[in-house]
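Trainee: I've got a chain open on my screen and I'd like to practise reading it. Can we go through it together, one question at a time?

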Amino acid sequence: MKRRTFLMTAGAAARALAADTPRVGVIGSGGRGRLLTSEFKEIGAQMNAVCDVYEPNLQAGLKMASTGAKSYSDYRRMLDDKSIDAVIIATPDHWHAQMAIDASQAGKDMYVEKPMCHLPGEGFRMAEAVRRHKRICQVGTQRRSGSLFIEIKEKYARPEVLGEVRLVNSWWLNHLEQVRRGPLQGPLDWKQWLGPAPRRPLDEVRFLNWYHYHDYSGGLLVGQAAHVIDCIQWYMNSPMPAAVTCSGGQGNIGGGEIPETATMTVEYPENYIAVFTLGYKAMRYHTHNDQMKQFHGSKARLDVAREGFALWPQSAEVRIAPSAQFAKDRKSTRLNSVTSVNLV
């Protein structure tokens with residue numbers, strides 16, 4: 001290829017690549033919004049706009065975004081920007097639905113942080129708006145795009161391996177003492193932050209800990225179950241549940257109001273039950289084993305954790321190999337140092 005022809009071809013390719021590069025804005029540039037900003041940049045998106053009603057988050061988001069990104073304090077003005085192709089919605093849960101509906105009407109595709117919405121009825125409104133305006137809306141959960149979980153599903157979450165699965169147990173355990181406290185570090189548009197939530201005077205604790213208040217979130221039960229139950233439905237090829245029953249105790253996290261200890265039982269038309277247990281007053285676990293999904297099959301049990309899995313064949317003898325410390329204490333009733341489990 002002659003040099004002139006190569007340069008012309010390369011120039012055309014560069015222009016085509018630039019045209020195909022998505023131009024994205026982030027709505028809500030707190031910790032999660034900034035993490036998503038960096039990850040979207042990593043896969044080639046131009047992060048051209050940042051919107052937040054809290055000035056410190058806005059400035060931090062602009063530092064994380066692409067060079068020359070525009071700043072907005074009102075997300076509707078960002079949606080008016082014709083140069084933006086798509087938006088990330090990483091706000092508190094109570095804003096997800098309205099922002100997604102408005103983004104659809106503005107012709108934007110969107111990535112919405114889990115959970116999809118705050119109240120069940122909002123989800124139907126979101127879906128209707130996305131379909132009517134022919135947009136793309138992806139809701140983020142932490143399993144479906146992970147290579148480990150894809151491999152487990154393809155190789156092991158299968159009837160020929162597990163047999164019939166009628167029960168799935170799952171849990172997420174950790175420990176949390178109290179909500180965060182502290183003064184705001186800059187200007188906040190409190191009225192706009194409340195949005196569709198009930199009016200109330202400025203409350204720094206609610207702003208810093210919105211996850212623990214019914215007006216803005218479903219709390220830890222919804223936040224953590226969104227990942228786990230979604231993975232169960234994916235592995236079990238279930239489009240949607242038939243019924244859901246929840247039970248929770250009183251709230252024990254100082255300053256919060258949503259129970260941190262709760263259980264949900266989900267019934268599916270595919271003839272199985274999934275049980276999810278939340279326990280944030282348990283001991284603090286390492287992230288390797290703070291959560292679990294156990295698929296109880298008639299041939300085998302499949303345990304899927306955050307970073308690994310185990311397949312337990314039917315009728316296998318289980319040998320628990322204790323640590324040296326446990327061997328010293330074997331006459332006591334304490335079982336505090338199990339280090340490994342071997343199948344023989």
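Trainee: Let's begin with Asp-81: is Asp-81 buried or exposed?
Mentor: Keep in mind that we're looking at a predicted model. Asp-81 has a relative accessible area of 11%. The cut-off for buried is under 20%, so Asp-81 counts as buried.

Trainee: And which residue forms a salt bridge with Asp-81?
Mentor: Asp-81 sits in the loop between helix H4 (75-79) and strand S4 (86-89), and its partner lies in strand S3 (residues 70-72), so the pair ties together parts that are 11 residues apart in sequence. The closest N and O atoms are 3.1 Å apart. That partner is partly exposed, with a relative accessible area of 41%. The residue you want is Lys-70.

Trainee: How many salt bridges does the structure hold?
Mentor: Lys-70 with Asp-81 is one example. Glu-113 and Arg-32 also meet through their side chains, at 2.9 Å from N to O. For the whole structure, the count is 19.

Trainee: How many residues apart in sequence are Glu-113 and Arg-32?
Mentor: Start with the surroundings: Glu-113 is buried at 9%, while Arg-32 is partly exposed at 35%. Their side chains meet in a salt bridge. Glu-113 lies in strand S5 (residues 109-113) and Arg-32 in helix H2 (residues 31-42), so the bridge ties together parts whose separation is 81 residues.

Trainee: Glu-257 has a salt bridge too, so which residue is its partner?
Mentor: Glu-257 is partly exposed at 31% relative accessibility, and the closest N and O atoms of the pair are 3.7 Å apart. The pair links distant parts of the chain, from the loop between strand S8 (243-248) and strand S9 (261-268) to helix H10, 51 residues apart. The partner is buried, with a relative accessible area of 9%. Both belong to a network of salt bridges that includes Asp-203 and Asp-215, and the partner is Arg-206.

Trainee: Now for the rings: is the pair of Trp-193 and Phe-207 stacked, tilted or edge-to-face?
Mentor: A pair of aromatic rings is described by the distance of the centres and the angle of the planes. Here the centres are 5.6 Å apart and the planes stand at 70°. Angles over 60 degrees count as edge-to-face, so Trp-193 and Phe-207 are edge-to-face.

Trainee: Which residues form an aromatic cluster with those two?
Mentor: Trp-193 is in helix H9 (residues 190-194) and Phe-207 in helix H10 (residues 204-208), so the pair ties together parts 14 residues apart in sequence. Trp-193 is buried at 6%, and Phe-207 is buried at 9%. The others in their cluster are Tyr-54, Trp-190 and Tyr-216.

Trainee: Which ring does the charged end of Arg-301 sit over?
Mentor: There are two such cases to look at. The charged end of Arg-143 sits over the ring of Phe-149, 5.3 Å from its centre. For Arg-301, the distance to the ring centre is 4.9 Å, and the ring belongs to Trp-312.

Trainee: Last one: is His-96 buried or exposed?
Mentor: Find His-96 in helix H5 (residues 96-105). Leaving out residues up to four places away in sequence, His-96 touches several others, including Ile-89, Val-112 and Met-126. Its relative accessibility is 0%, so His-96 counts as buried.

Key
Residues numbered from 1 in each chain as written. Predicted model: local features only at pLDDT ≥ 70, side-chain atom pairs only at ≥ 80, totals over all residues. Heavy atoms only, no water. Phe/Tyr/Trp six-rings, centres within 6.5 Å; stacked < 30°, edge-to-face > 60°. Helix = DSSP H or I, 4+ residues; strand = E, 2+ residues; numbered from the N terminus. Buried < 20%, exposed > 50% of the residue type's maximum accessible area, 1.4 Å probe, protein only. Lys NZ or Arg CZ within 6 Å of the ring centre and 35° of its normal. Contact = heavy atoms within 4.5 Å. Salt bridge = Lys/Arg side-chain N within 4 Å of Asp/Glu carboxyl O.
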